[in-house]
Amino acid sequence: MSKRIDSWTSAKLRGEKRVLVTAYDYPFARLAEEAGIDGVLVGDSLGMVVQGHRDTLQVTLEQMAYHTEMVARACSHTLVFADLPLGSYEESPAQCWRSASTLLRAGAEVIKWEGGLEFREHLEFCAARGLNVCVHLGLTPQRLRQWGGFQRQGTTPEAADRLAKEALTLAQSGARFLLLEAVPADLAAQISAESPIPVIGIGAGPSTDAQVLVLHDVLGFGKAPPFARAFVDGADLLRRGLADYAQAVREQHFPTATRKR
Ligand code: KIV
């Protein structure tokens, strides 16, 4: 058992919030660590925010491993989570274990996949071999095309009840973390209160044990979903830096003959 992961469970018991952000490369993972972020998630959201696709379905296991290596190199004490992409785990517990091993070798400490009880066997198989699993429930972007778009989950009493029971069963089946995306705040609060393991929320209200956001949403790049918040206008800041550089070259202020430092 990892002491670092146990510390997240102790933080939950003390009511201390933990903070995660996604990261896809070395410089931003290093900034996250320097900023005191507790965990970074190498999310398959990289398909959208880094590769420019309209969803996460194009991302491959090899790409996830490549990005996880870069992120892990930057993190000395920040917990590194990595996503199993579509098609890399669903077939069987053995396939799931093999793909998870690829991401562990790349430097991840916690492996996340989308889906609950349909992968219970996978969870038990991997947990019995010591894998730290984070189960992603609620809105699972890899299944968006089946659902016909981004839709909040657990919104009827029956669906909420099903999700709450599923979360508890998964926690009892060896998961180390639950991640709830786009579920009602009161349902997320109930699941967090009942769960023995830390619950990470995104678009799930303020009561989960931890929060995660996509890096590009926090930093103000592009259009963020309504539940996110940009804490800086990063796009404007960087655009201005690039425009200043272009202007300095065109007006021959840069480079200077003697380098000033
Ligand atoms: O891929 C991702 O970044 C995620 C988060 C949105 C939770 O799964």
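Start by selecting Lys112 together with the ligand: in this predicted model, a polar side-chain atom of Lys112 sits 2.9 Å from an oxygen atom of the ligand. With that pair on screen, look at how much of the ligand is covered: on its own the ligand has 260 Å² of accessible area, and the protein covers 94% of this.

Next, add Asp44. One of its polar side-chain atoms is 3.1 Å from a ligand oxygen atom. Then pick Asp83, where a polar side-chain atom also lies 3.1 Å from an oxygen atom of the ligand.

Now widen the selection to the residues around the ligand. Along with Lys112, Asp44 and Asp83, the surroundings include Thr22, Leu41, Gly43, Ser45, His136, Leu179 and Ile202. Try colouring this shell by residue type: you should find three nonpolar, four polar and three charged residues. If your viewer can draw pockets, turn that on as well, and you will see that the ligand takes up the space of the largest pocket.

For the last stop, leave the ligand and select the cysteines. How many disulfides does the structure hold? The count is zero. A disulfide is a covalent bond joining the sulfur atoms of two cysteines, so the distances between sulfurs are what to check here. Select Cys126 and Cys96: the sulfur of Cys126 has its closest cysteine sulfur in Cys96, but at 4.0 Å the two are too far apart for a bond. Cys134 is in no disulfide either, and its nearest cysteine sulfur, again that of Cys96, is 13 Å away.

Before you finish, show the surface around these residues. Cys126 counts as buried because its relative accessibility is 0%. Cys134 is likewise buried, with 0% relative accessibility.

Definitions and conventions. Residues are numbered from 1 along each chain as its sequence is written. This is a predicted model: local features need pLDDT of at least 70, side-chain atom pairs count only at pLDDT 80 or more; totals for chains, interfaces and linings use all residues. Side-chain values use heavy atoms; hydrogens and water are left out. A residue is near a molecule or strand if one of its heavy atoms lies within 4 Å of it. A polar contact is a pair of N or O atoms within 3.5 Å; within protein, one must be able to donate a hydrogen and the other to accept it, and residues adjacent in sequence count only if both atoms are side-chain atoms. Accessible areas come from the Shrake-Rupley method with a 1.4 Å probe; for residues, only the protein chains shown count as cover. On a 1 Å grid over the protein atoms alone, a cavity is a set of points where a 1.4 Å probe fits but cannot get out, and a pocket is an open set with protein on both sides within 12 Å along at least five of seven lines; lining residues have an atom within 4 Å of a point. A molecule sits in a cavity or pocket if more than half of its atoms lie within 2 Å of its grid points. Ala, Val, Leu, Ile, Met, Phe, Trp, Tyr, Cys and Pro count as nonpolar, Asp, Glu, Lys and Arg as charged, and the others, Gly among them, as polar. A disulfide is a pair of cysteine sulfur atoms within 2.5 Å. Buried means under 20% relative accessible area, exposed over 50%, partly exposed in between (1.4 Å probe, protein chains only).
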